[in-house]
Amino acid sequence: MDVLITGIYILITGSLLGATYSLIAMGLALQYGVARIMNLANGEMFIAGALVAFWVVTSHQLSPYVSLVFVVPGAFGINWLIYRYLLRPLVRRAKHRGQLEVDSILATFGMGFILVGVLREVFGGELFSYSYLLEPIKILNNNFALNRVIGCLVSALVCGLLYLGFYKTRAGMAMRAVAVDPAAAGLVAIDVPKISALSFALGGAVTAAGGVVISTFLTDMDPSGGVVFTLKALIVVIMGGVGDVRGAIVASFILGLTETLVATLVDPGFILAAAYFLFVLVLLFRPQGLFGRRRA
Amino acid sequence: MTRNEGIGWMLAVAGFGAMAFLPLLEDADYLMGLALNITMFTVLATSWALFSGPTHYISLATAAFYGVGATVVAMGFEVLPFPVLLGLAGLAGGVLAALVGLATLRLSGVYFVIFTLGLAELIRQLVSWVQSNIVEVGSIQVFTDNSDNWIYWELLALAALVFLVGWLIERSRLGFAMRIIGNDEVVASHSGIHSAGSKVILFVISGFFAAAVGAVMVTKIINFDPDTFYLPIISFQVVIMALLGGVHRLWGPLLGVIPFTLLWEVIENRFQQPMEMFGVEIVSAGSLKVILLGVCFMLIVYYIPRGVVGRVETLARRLAPGGGASHG
Amino acid sequence: MLSRMTGFIKMSLAGAIVFALGLGSAGAAETIKIGAVAPKTGPLAVGASITHWPNIKLWVSQVNGRGGLRMKDGSRRKIQLITYDDQTNPTEHIKATIRLATLDKVDFIVAPYGTGFNVAAAPHFAKYGYPQITSTSITDKIPQLTKRFPGLFFTLGNTTAFVGSVVEILAKLRDQGKIGNRVAIVNVAADFGIELKKASIPIFKKAGFNIVYNKSYPLGTQDLSPVMRGVKASNPDAFVAWSYPPDTIGLTVQAKIQGLDVKAYYSAVATAFPVYRNKFGKSIEGVLGAGGLNLDSPALQTYMADHKRVTGKEADFWASPVVYATLQVLEQAIEAVGSTDRKAVTAYIKSGTFTTVMGTWKFKNQVIPSFWTVGQWQNGKFYGVSSTGMPGEKPVAIKRGW
């Protein structure tokens with residue numbers, strides 16, 4: 001009986017964690033998979049969303065989810081501008097994909113640092129923490145935090161919408177085409193620069209929305225804490241297979257479950273080690289990712 | 001030896017000689033502090049460039065190596081003499097680099113960047129776990145006989161060594177192989193060059209030096225605890241300094257380290273109090289430094305992709321048409 | 001000839017840098033320069049922004065409000081404060097300390113924030129003869145450190161005393177039949193957390209406690225739910241966390257969610273922070289934590305009110321007034337000596353008696369022997385319940401649910 005309850009606990013806690021990872025990872029999957037930008041400022045965009053939510057809650061006493069109303073369009077706009085004016089020139093001048101990767105990594109590193117500095121100036125260096133729905137909810141003999149459960153539902157909603165958009169709309173089809181082969185997509189009358197910009201902006205918006213969700217249960221948010229999330233997102237995207245939204249979702253859940261499993265049954269000190277172990281396994285046995293196609 | 005090489009050697013010997021002389025001056029503590037920082041980052045950035053220059057792989061593992069070196073000394077300083085530990089630390093850095101390299105260097109550069117991005121944090125957590133559960137030691141006070149002057153000379157010696165190693169590599173089969181790999185990896189593999197192996201060797205060398213620097217620095221900082229040694233910011237600083245200077249010349253990173261360290265120092269002094277305008281705080285030194293780091297990254301990508309060295313060389317070529325190369 | 005050459009080189013180098021830094025004009029005649037290096041950014045910045053920096057600001061504004069520090073000749077010299085951010089990076093910290101001593105040529109330096117940074121800075125304080133009156137520094141290595149550094153002073157206590165008080169409180173509750181014998185221990189795998197845990201296990205065992213859970217988690221763990229679930233499953237009567245600021249809050253969150261029903265709940269650093277109460281409100285009633293104060297002391301009440309008024313922030317209920325008290329020690333020592341003679345000031349600190357917000361202080365072998373060890377949230381205030389000889393200890397109450 002105890003084993004069963006623990007199993008259920010790991011399954012649900014892991015899924016709650018996985019749902020959180022899926023938002024930031026889907027953001028990166030869109031940016032790297034479609035727009036071909038390895039965005040290492042992803043975690044900072046995530047933290048920016050979280051801090052805006054914090055501000056909405058503490059200075060206006062509103063629900064953190066209200067902030068989605070302007071976080072999502074705001075992040076979309078900012079990321080569109082970033083792509084259009086800072087990254088597009090890099091795409092244009094890159095002779096091959098390797099050069100674009102190095103350039104985009106360095107450029108987005110720079111953006112990440114600038115964003116950290118700006119966030120620190122705007123929000124200060126205090127302990128960011130607020131309480132939202134800090135109540136237990138009982139599911140199958142285990143207690144879970146209500147704010148995490150709500151966060152998971154919101155994440156599922158966003159993921160569902162994105163999935164539909166990706167597979168059921170024309171723009172989604174164009175994105176998938178660009179993800180497979182930008183050059184070929186251009187030949188069939190797809191406006192590749194426009195679709196890339198759209199994907200990058202959408203990815204940024206999803207990431208920032210993820211920040212809003214996580215702010216409802218994270219106990220401390222630090223302007224310079226984004227790199228941890230960037231790392232998790234990168235691992236998930238690589239694990240899932242570049243350019244595949246389904247892969248990112250599945251990999252998020254694998255990562256969330258593995259981390260919870262290790263923390264519960266082995267030792268909380270090995271969470272990151274477990275993530276790395278997964279990463280190395282993928283590198284050694286399936287470098288193209290779970291859903292990825294082998295690159296020519 | 002060509003005339004240029006002769007001048008290079010003379011400059012190097014004169015430079016190191018002058019630097020080695022610094023601690024003997026009276027009341028030069030402040031300059032010594034600056035020189036120590038510059039020397040430390042020169043070793044880190046130059047050894048980083050030995051690997052990243054020819055391979056185009058961006059390594060963010062410097063902090064991990066640096067921390068490993070410090071850990072070795074902290075764990076063993078009561079049992080073993082410091083020179084032995086210094087060697088062991090370098091060895092540990094080299095072994096770590098070999099493991100990481102073998103797992104990731106056969107694959108694309110992105111995997112490598114991601115892997116090294118979290119490496120320092122991973123090792124920090126593992127060392128903390130060992131400290132908490134096995135040896136049960138919080139922070140370790142590393143009191144050694146290593147005086148401030150000696151610490152400086154040791155770093156200077158490491159700097160000399162890294163330049164020597166770099167110079168030797170350029171003249172070796174390895175350097176030749178790397179130049180071919182750097183130009184076209186496919187051609188390299190067709191002409192029988194074992195490219196992954198060559199990359200791993202270079203990575204091991206850079207790991208060795210970064211770990212040795214960490215080993216020396218822990219005797220300066222005295223208090224060892226993983227949270228203040230596996231600092232990711234060190235990795236980023238090294239990358240930016242090396243790229244700013246330029247990685248396709250051995251002495252390139254030096255031209256990044258010096259201006260960057262001095263600029264950092266000026267900011268620290270000028271903006272020690274928050275900058276105010278109309279009674280409103282505009283920007284504080286901490287934020288400004290982070291922003292500056294970001295701006296430098298972007299500057300390099302957009303305007304000086306070949307670093308200060310690249311700019312200087314282009315300028316030299318323009319000033320002396322036809323014969324410009326002789327200045328390089 | 002050679003020495004003149006080197007002198008010239010040195011002068012011109014230093015001159016060039018000073019010129020570049022624009023420091024030539026600094027330093028009006030009648031001030032005392034005081035430097036401070038501590039984190040404004042990085043992992044320790046949160047703690048320093050609550051406990052360390054506001055007190056320096058408060059002290060400087062109060063001293064300067066009085067017209068400055070009184071010198072032997074009857075004149076008063078205002079404080080000119082120079083602060084640097086060490087980014088929670090020891091290399092930067094040492095660099096900044098040397099800069100204060102050599103370039104800014106400050107008269108005194110405020111001791112750093114945190115035990116590790118105090119150790120890292122100690123050789124440099126010693127080299128330039130600055131007294132180092134530490135406040136936020138707790139360790140069991142005090143005897144070795146004070147012997148090595150004769151200008152190093154400790155005021156907040158040592159690890160064993162902190163741990164001993166916690167065990168003593170729990171043992172008393174058990175012997176009164178209020179709690180059982182089962183104790184669950186967790187610790188953050190970082191220096192202070194490890195040191196506390198290591199010291200605590202033998203003391204708990206010696207007191208006859210049954211340790212039913214004992215695990216560490218890394219600094220910066222996002223989700224402490226698995227930890228708290230393990231704690232709850234071990235069915236403890238008392239819970240002890242040797243924790244740091246973010247995880248102190250994270251553990252309380254999970255204790256509430258999982259419904260950890262213990263009659264004694266202790267967490268270490270940050271339990272005494274006002275932000276802890278602001279986040280959890282009434283539910284933390286009865287939580288035990290490191291520190292505590294005698295809030296009935298009029299001097300302390302005045303200090304708390306001034307702190308709020310001048311810095312706009314509430315002081316914490318543990319180390320804040322201790323930081324302030326170390327600055328009072330420095331102030332009174334400088335005024336007693338009547339000059340900025342660092343040797344004389346250090347000698348005076350060793351032997352003198354000081355009136356501080358923490359009561360009367362007299363160093364014994366460079367250490368203040370009486371300090372608060374455990375506090376408890378009672379009616380929205382964090383009162384001291386255990387100490388090594390402080391007046392005003394309150395009785396310990398039982399924790400009743402969340």
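**Exercise 1. Work out how strand β1 (residues 31-38) of chain C pairs with β4(C), and over how many bridges.**

Solution. Strand β1 (residues 31-38) of chain C runs alongside β4(C) in the parallel sense, and three bridges link the pair. Keep in mind that we're looking at a predicted model.

Step 1: pick out a bridge. Start from Ala36(C); its bridge partner in β4(C) is Val110(C).

Step 2: zoom out to the sheet. β1 and β4 belong to an open sheet of four strands in chain C, ordered β2-β3-β1-β4, with mixed pairing. The edges are β2 (69-70) and β4 (108-110) of chain C, each of which pairs on one side only.

Step 3: add a helix. α4(C) lies across β1, β3 and β4 of chain C, and the angle it makes with β1(C) is about 175°.

**Exercise 2. Find out which element gives the most residues to the side of chain C that touches chain B.**

Solution. Step 1: count the contact. On one side there are 42 residues of chain C, and on the other 36 residues of chain B.

Step 2: list the contributors. In chain C, at least two residues each come from α1 (2-21), β3 (76-85), α4 (90-102), α5 (115-127) and α8 (191-206).

Step 3: choose the top one. That's α4(C), which gives the most with seven residues.

Step 4: sort by class. This side of chain C has 21 nonpolar, twelve polar and nine charged residues.

**Exercise 3. Describe how the two domains of chain C meet, and say how many residues each brings to the contact.**

Solution. Step 1: set the bounds. Domain 1 of chain C covers 30-158 + 297-372, while domain 2 covers 159-295 + 373-387.

Step 2: check the spacing. Taken over C-alpha atoms, the centres of domain 1 and domain 2 of chain C are 29 Å apart.

Step 3: count the residues. Domain 1 of chain C brings 21 residues to the contact and domain 2 of chain C brings 22.

Step 4: look at the domain 1 side. Here α2 (45-51) and α5 of chain C are the elements giving two or more residues, and α2(C) gives the most, with three. By class, the domain 1 side that touches domain 2 has ten nonpolar, eight polar and three charged residues.

**Exercise 4. Decide whether Asn235(C) is partly exposed or exposed, then do the same for Asn379(C).**

Solution. Step 1: locate Asn235(C). You'll find it in the loop between α9 (225-233) and β9 (238-242) of chain C. Asn235(C) has a positive phi of about 55°, although it is not a glycine.

Step 2: count its neighbours. Asn235(C) has 13 other C-beta atoms within 10 Å, so it is partly exposed.

Step 3: turn to Asn379(C). This one sits in the loop between β14 (372-378) and β15 (381-387) of chain C. Asn379(C) has a positive phi of about 55° and isn't a glycine.

Step 4: count again. Asn379(C) has 8 C-beta neighbours inside 10 Å, so it counts as exposed; the cut-off for exposed is 12 or fewer.

**Exercise 5. Explore the largest nonpolar core and explain why it lies between the two domains of chain C.**

Solution. Step 1: get the size. The largest nonpolar core has 340 residues, and those with the most contacts inside it are Ala25(A), Val237(A), Val213(B) and Ala215(B).

Step 2: find the biggest contributor. Helix α10 (residues 195-221) of chain B supplies the largest share, 16 residues.

Step 3: give the reason. The core lies between domain 1 and domain 2 of chain C because both give residues to it.

Step 4: look around Val237(A). Leaving aside neighbours within four places in sequence, Val237(A) contacts Ala25(A), Leu28(A), Ala29(A), Tyr32(A), Val242(A) and Ala248(A).

Definitions and conventions:
Residues are numbered from 1 along each chain as its sequence is written. Chains are lettered from A and ligands numbered from 1 in the order in which they are written. This is a predicted model: local features need pLDDT of at least 70, side-chain atom pairs count only at pLDDT 80 or more; totals for chains, interfaces and linings use all residues. Two residues are in contact if their C-beta atoms, placed from the backbone, lie within 7 Å. Ala, Val, Leu, Ile, Met, Phe, Trp, Tyr, Cys and Pro count as nonpolar, Asp, Glu, Lys and Arg as charged, and the others, Gly among them, as polar. Domain bounds come from an automatic or database domain assignment. Two strands pair if DSSP finds at least two bridges between them. Axes are lines fitted to C-alpha atoms, for helices over the stretch in contact, and angles run from 0 to 180 degrees between N-to-C directions. A residue is buried if 20 or more other C-beta atoms lie within 10 Å of its own, exposed if 12 or fewer, and partly exposed in between; C-beta atoms are placed from the backbone. A nonpolar core is a set of buried Ala, Val, Leu, Ile, Met, Phe, Trp, Tyr and Cys residues joined through C-beta atoms within 7 Å.
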